[in-house]
Amino acid sequence: MTTVLIKGARPYGEGDPVDVLVEDGVITDIGSLDVPDDAEVIEAGGQVLLPGFVDLHTHLREPGREDTETIATGSAAAALGGYTAVFAMANTDPVADNAVIVDHVWRRGQEAGLVDVHPVGAVTVGLKGEKLAELGTMAKSEARVKVFSDDGLCVADPLLMRRALEYSTALGVVIAQHAEEPRLTVGAQAHEGEQAARLGYTGWPASAEESIVARDCLLAEHANARLHVCHVSTSGTADILKWAKDRGTKVSAEVTPHHLLLTDERLATYDPVNKVNPPLRTESDAEKLRAALAEGVIDCVATDHAPHAVQDKDCEWSSARPGMLGLQTALSIVVETMVRTGLLDWRGVARVMSERPAEIGNLTDHGRPIEVGEPANLTLVDPDAEWTVRGAEFASIAANTPYEGMRLPGVVTATLLRGRITAREGKIAQ
Amino acid sequence: MKHLLATDGLDPAFATAVLDTAEELKHTLLGREVRKLPTLRGRTVITLFYENSTRTRVSFEIAGKWMSADVINVSASSSSVNKGESLRDTALTLAAAGADCVIIRHPASGAAQRLSGWLAEAGTAVVNAGDGTHEHPTQALLDAATLRERLGSFEGRRIGIVGDVLHSRVARSNIHLLSALGAEVVLVAPPTLLPAGVESLPVTVSHELDAELPALDAVMMLRVQAERMHGGFFPSAREYSIAYGLNERRMKLLPEHAVVLHPGPMLRGMEIASAVADSPASAITEQVRNGVHVRMAVLYHLLASEGAAA
Ligand SMILES: [Zn+2]
């Protein structure tokens with residue numbers, strides 16, 4: 001029997017500090033408690049206790065690019081970032097478009113044992129956008145795939161997308177779309193706008209995202225299916241989501257920390273560490289995304305954690321791969337953009353980083369309330385502490401963070417997965 | 001001043017100094033039998049071209065040689081580039097081999113800027129000879145030299161840039177340089193060949209060439225690449241030529257003193273009528289000639305003045 005006592009924590013940052021007793025993976029008591037024999041004690045000192053974070057959008061690169069991230073290193077990064085569950089995207093090499101690969105990813109996650117790694121299955125065979133992958137087989141495999149996505153690529157063919165949505169309803173799963181009309185983004189390098197005009201980058205227009213999101217919302221409504229929109233980046237997409245939700249469409253959406261904070265002003269550095277897909281947009285887009293997240297029009301935060309090797313980033317912009325690390329900085333960016341600005345309180349943070357992503361990803365044991373009888377997937381956060389970002393010190397093999405050298409607020413001081421401490425004081429617990 | 005990467009943000013005083021030096025050089029070398037100055041003796045200049053451009057490379061090569069620099073041409077076909085070596089590794093190799101200056105032409109926007117970062121420690125100067133659809137600053141400087149020769153000054157002058165602004169590094173560099181020097185810039189193009197966000201640049205925009213011509217002191221025709229014609233940017237070469245080609249009828253709409261420029265190579269007949277290209281208003285051959293003097297001046301300001309200070 002493992003016993004952990006979290007002493008003096010404030011669940012959701014509310015009320016007086018309480019002690020939270022965790023036995024065998026379950027919260028068994030909350031109040032002013034004595035320290036039981038052989039309990040491991042975490043002195044929380046009034047820090048904020050939240051349900052463990054859930055990331056709907058992580059790239060773990062295994063199988064295929066273990067030089068940039070493995071399921072083990074990515075799991076460590078996730079635990080250090082306060083996560084207890086992550087969804088690993090299907091665009092690995094080979095692609096996770098069959099039961100063998102998704103089960104492999106699932107088992108490797110279990111072996112690492114730091115977070116629950118839920119493989120995302122590809123919607124189409126080989127991410128080619130031509131033929132549906134065996135969604136049912138993957139949904140019923142050992143990995144129990146709950147989310148399907150061709151992320152990195154858009155399911156652009158409207159008929160195929162319709163079929164994917166229709167078919168998904170029988171399985172109770174969600175189709176997560178990387179919304180990018182490929183004909184509108186040929187050669188695209190950066191947000192189409194003033195910065196791209198000045199710097200001579202081929203533009204990635206907002207309408208390439210918005211036209212797909214609008215189309216997919218209509219298709220999802222028609223199919224009565226569940227659609228999840230990945231990494232919303234434009235103000236117009238937020239408007240479309242609001243419109244669709246008001247109509248009763250079963251659509252959910254995520255926004256990345258970087259789209260909440262960073263803008264295309266960063267292009268002027270020419271440093272591909274800022275290159276990401278969809279691209280960084282304008283300040284007015286970021287402002288709208290923050291408001292939409294606060295209002296619930298955008299449901300949750302997802303990292304789009306995308307590790308890359310040095311040679312794939314320290315090159316000229318057009319040759320660089322898009323993507324940036326996100327797992328170990330997400331909480332801090334949310335604190336910076338949403339908490340410090342008064343847009344979200346800690347209950348709101350729990351909603352966007354844990355509860356909603358768990359619901360969208362069909363997880364029943366994560367994103368649960370901090371109450372007696374609930375699974376002890378928990379994250380302890382010091383809201384007042386600050387830290388300096390050093391990519392080289394991350395648990396990820398890669399170091400491509402756009403926040404290098406920045407001082408950020410909010411430190412994850414402990415993470416518990418089913419009552420077991422996975423990370424503590426910035427280190428992976430043995 | 002260590003590099004010449006862009007005209008966006010370029011100090012107008014530096015630009016003017018380059019133009020003045022280019023003019024001096026032109027007069028100094030005029031009629032000389034041996035056009036060689038000792039200024040950059042012992043300096044190594046490398047042209048690193050990832051795209052073919054005989055005209056630009058040769059212009060830089062002659063400029064370097066007339067200043068007595070050792071000029072080495074590296075092109076993508078002969079270098080390790082084809083073997084997959086990264087730009088960064090190539091750059092570090094060149095710096096290690098002792099390059100004082102690297103002149104780079106590259107298909108990626110921002111490549112020259114990245115290169116300057118990698119070469120910062122080596123202290124190697126970088127000249128952008130065209131990066132993607134971003135900038136081509138020496139072309140803008142030679143255009144400015146040609147215009148100054150013909151028009152005297154930039155203050156209050158109105159200059160039209162006509163054609164494929166979207167893909168044109170020449171247009172971007174000219175927009176920033178000419179407006180910094182005091183001229184007004186009018187872009188004339190179909191909406192499909194203008195970048196989104198163009199209104200943030202110091203320009204006015206028009207789709208009617210005829211309406212603009214009478215008020216222009218100079219008209220700069222841009223090259224329309226063949227692939228654009230098939231890329232659906234406009235319906236046909238014929239329609240483009242009718243709307244945006246500089247023909248003899250249009251030429252008559254220009255003021256008497258107006259200058260016609262083209263960065264070359266020209267698509268005669270489509271972008272510009274032969275009679276216009278070969279008319280006295282055309283400064284197209286002077287552009288090429290001034291190109292050498294301007295590039296000499298750039299190398300002088302980046303390399304010689306620094307050497308003098310050291
Ligand atoms: Zn994506």
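Here are three short exercises on this predicted model, each with a worked solution.

Before you start: residues are numbered from 1 along each chain as its sequence is written, and chains are lettered from A and ligands numbered from 1 in the order in which they are written. Local features need pLDDT of at least 70, side-chain atom pairs count only at pLDDT 80 or more, totals for chains, interfaces and linings use all residues, and side-chain values use heavy atoms, with hydrogens and water left out.

**Exercise 1. Find which residues coordinate the zinc ion, and where the two histidines sit.**

Step 1. Look at the donors (N, O and S atoms within 2.8 Å of the metal, or 3.2 Å for Na, K and Ca; water is not among the atoms, so sites may look incomplete). They are A:Asp151 (OD), A:His178 (ND1) and A:His231 (NE2), at 1.9 to 2.2 Å.

Step 2. Read their spacing along the chain: D-x26-H-x52-H. The two histidines, 53 residues apart, link distant parts of chain A: A:His178 lies in the loop between β10 and β11, and A:His231 in the loop between β13 and α7. Helices (H or I, at least four residues) and strands (E, at least two) are DSSP runs, numbered from the N terminus.

Step 3. Compare with the record. An unreviewed UniProt entry lists A:Asp151, A:His178 and A:His231 as "binding site". These residues spread over 81 residues of sequence, yet their largest C-alpha distance is 10.0 Å. UniProt positions follow the numbering used here, feature names are shortened, and annotations may be inferred rather than shown by experiment.

**Exercise 2. Decide whether A:His178 is buried or exposed, and describe its surroundings.**

Step 1. Apply the cut-offs: buried is under 20% relative accessible area, exposed over 50%, partly exposed in between (1.4 Å probe, protein chains only). A:His178 has 2% relative accessibility, so this residue counts as buried.

Step 2. List contacts (heavy atoms within 4.5 Å). Leaving aside neighbours within four places in sequence, those of A:His178 include A:Asp151, A:Cys154, A:His231 and A:Asn277.

Step 3. Check the side chain: one of its polar atoms lies 3.4 Å from the backbone nitrogen of A:Gly152.

**Exercise 3. Work out the strand order of the open three-stranded sheet, and which strands are at its edges.**

Step 1. Strands pair if DSSP finds at least two bridges between them. The order in chain A is β6-β7-β8, with parallel pairing.

Step 2. β6 (53-58) and β8 (116-119) of chain A each have a single partner strand, so they stand at the edges.

Step 3. Zoom in on one pair: four bridges join β7 (residues 83-88) to β8 of chain A, and A:Val86 stands opposite A:Val117 in β8(A).

How values were computed: Polar contact = N/O pair within 3.5 Å; in protein donor to acceptor, adjacent residues only side chain to side chain.
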